[in-house]
Amino acid sequence: MTGHGRTAGAVAGNSPPVALHLPDGTSFEGPVIDLRGADVDPAPESIVDAIRAGEPTRPGHPTVHAPPPTRVHAHVARLGPDADIDRRAALAAVGVVRGVETAHDDELAAARESLRSLSPPSVDAEELRAARRRAAAAGSEAERLGERVATLRGRVTALREEGDADARADAEASLSEATRHLSEASTERVAAAQRLSMLEERARRARDAREERLRLEDRVGNLERAVRGARADAVAPEFHDARRRARSLLDDASGRKAAGDAPSGLRDALAVAAIAPFGAPVVVDPGVAAAAGSLDALRTHLGGPFVLR
């Protein structure tokens, strides 16, 4: 079953057509899809989810065929009396979609690249502890053997003076063996010290890299906030103009100061939607459409496709 909803003639404008396909096979097409009189029951939230998700959607859920949603849809995908948006975040999203450049962009790109290229060396804590134990043990063994060699040398010298050839020969043999063991222990001590020095240097570089990563992450965060703020500031004048138009839209439709009664969040949402370039639709509460007076007036204000539900 295919339907086109109720579409106001002038409302079609230049908006790209969208198609809404419901799980029961019902379809609606047009830049404005009016479900107020349709014999269907999709919850507005399910349509919002379908818009934000893009294609494809899960089986058993509505599907919206339209250009991809933008970051702004995260803030104003549904325009209802209970709308409550983070104004600065929404304006920053508008700035992104509109390609607003800021004085911080190059600096942010450089900081992000530095963060991506940072690769701290890996350090195995157990390996470092083992290297320290090995170096300590090798040092102790070398010292012990050094003392033994010194003792045996003294004994050989004493025996040489005494003239005891047999005892001197035994002492010299012991000295030779101890000297050989000392040489091996000294080699092990140097190797262990070098290994420990290498691992400690790697650990130091890893600590430095972690500190640098934290510094860069903090810098990126600060620059991202600065960029968002600059983008929001860049579109703020248009937002305030659009907010005044939203107030006028509701006032003119009712012939009284209805906008003064409208929630502030709704006026913010209508203004953000008005300045954001939309290809994917937004979902408009029927009460908001009624307050606007006509689909033509609402479409002129929004300037993009929408679904009335």
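Helices here are DSSP runs of at least four residues, numbered from the N terminus. By that rule, Arg 299 sits in helix H9, which covers residues 295–302. The model is a predicted one, so everything below describes computed geometry.

Arg 299 makes a handy starting point. Is this arginine buried or exposed? Its relative accessibility is 8%, and buried means under 20%, so Arg 299 counts as buried. Arg 299 also shows how the fold brings together parts of the chain that are far apart in sequence: 268 residues separate Arg 299 from Pro 31, yet their C-alpha atoms are 9.4 Å apart.

A look at the nonpolar interior comes next. In soluble globular proteins, nonpolar side chains tend to be buried together. The largest nonpolar core in this model has 37 residues, and those touching the most other members are Val 76, Leu 79, Val 272, Val 284, Leu 302 and Phe 306. Several elements give two or more residues to this core, namely helices H3, H6, H7 (264–275), H8 (286–292) and H9, along with strands E7 (282–284) and E8 (306–308). Which of them gives the most? That is H7, with eight residues.

Leu 79, one of those well-connected core members, is worth a closer look. Leu 79 belongs to strand E6. With a relative accessible area of 0%, Leu 79 is buried. Its C-alpha atom is 6.6 Å from that of Ala 269, although the two positions lie 190 residues apart along the chain. A little further on comes Pro 81, in the loop that runs between strand E6 (78–79) and H3. Pro 81 has 43% relative accessibility and therefore counts as partly exposed. This proline has a distant partner in sequence too: Gly 265 is 184 residues away along the chain, and the C-alpha atoms of the pair are 7.9 Å apart.

After that loop comes helix H3, made of residues 87–97, in which Ala 90, Leu 91, Ala 92, Ala 93, Val 94 and Gly 95 are buried. Just past the helix, Gly 99 adopts a positive phi of about 70°. Another buried residue turns up in strand E3 (residues 27–30), where Phe 28 is found. Its relative accessible area is 5%, so Phe 28 is buried. Phe 28 and Ala 38 are 10 residues apart along the chain, with 9.8 Å between their C-alpha atoms.

Charged residues tell another part of the story. Side chains of opposite charge can pair when their charged atoms come close. How many salt bridges does the structure hold? The count is 23. One of them joins Arg 88 to Asp 233, with 2.8 Å between the closest N and O atoms. This pair ties together distant parts of the chain, since Arg 88 is in helix H3 and Asp 233 is in helix H6 (residues 165–254), 145 residues apart. Both ends of the bridge have some access to the surroundings: Arg 88 counts as partly exposed because its relative accessibility is 41%, and Asp 233 counts as partly exposed at 45%.

Other salt bridges stay inside one helix. Arg 168 pairs with Glu 172, and their closest N and O atoms are 3.8 Å apart. Why are these two separated by about one helical turn? They are four residues apart in helix H6, which means a separation of about one turn. Arg 168 is partly exposed, with a relative accessible area of 28%, and Glu 172 counts as partly exposed at 33% relative accessibility.

Further along H6, Glu 201 forms a salt bridge with Arg 205, again with closest N and O atoms 3.8 Å apart. Glu 201 and Arg 205 are four residues apart in H6, or about one turn of the helix. Glu 201 is partly exposed, with a relative accessible area of 32%, and Arg 205 is partly exposed at 40%. The pair belongs to a network of salt bridges that links Glu 201, Arg 204, Arg 205 and Asp 208.

Finally, some acidic residues gather on the surface. Glu 45, Asp 49, Asp 82, Asp 84 and Asp 86 form a negative surface patch. Among them, Glu 45 is placed in helix H1, which spans residues 44–53.

Key
Residues are numbered from 1 along each chain as its sequence is written. This is a predicted model: local features need pLDDT of at least 70, side-chain atom pairs count only at pLDDT 80 or more; totals for chains, interfaces and linings use all residues. Side-chain values use heavy atoms; hydrogens and water are left out. Patches are made of residues with over 30% relative accessible area and no salt bridge: like charges are joined within 9 Å, nonpolar side chains (Val, Leu, Ile, Met, Phe, Trp, Tyr) within 5 Å. Accessible areas come from the Shrake-Rupley method with a 1.4 Å probe; for residues, only the protein chains shown count as cover. A salt bridge is a side-chain nitrogen of Lys or Arg within 4 Å of a carboxyl oxygen of Asp or Glu. Lys and Arg count as positive and Asp and Glu as negative; His and the chain ends are not counted. The place of a charge is taken as NZ of Lys, CZ of Arg, CG of Asp or CD of Glu. Buried means under 20% relative accessible area, exposed over 50%, partly exposed in between (1.4 Å probe, protein chains only). A nonpolar core is a set of buried Ala, Val, Leu, Ile, Met, Phe, Trp, Tyr and Cys residues joined through side-chain atoms within 4.5 Å.
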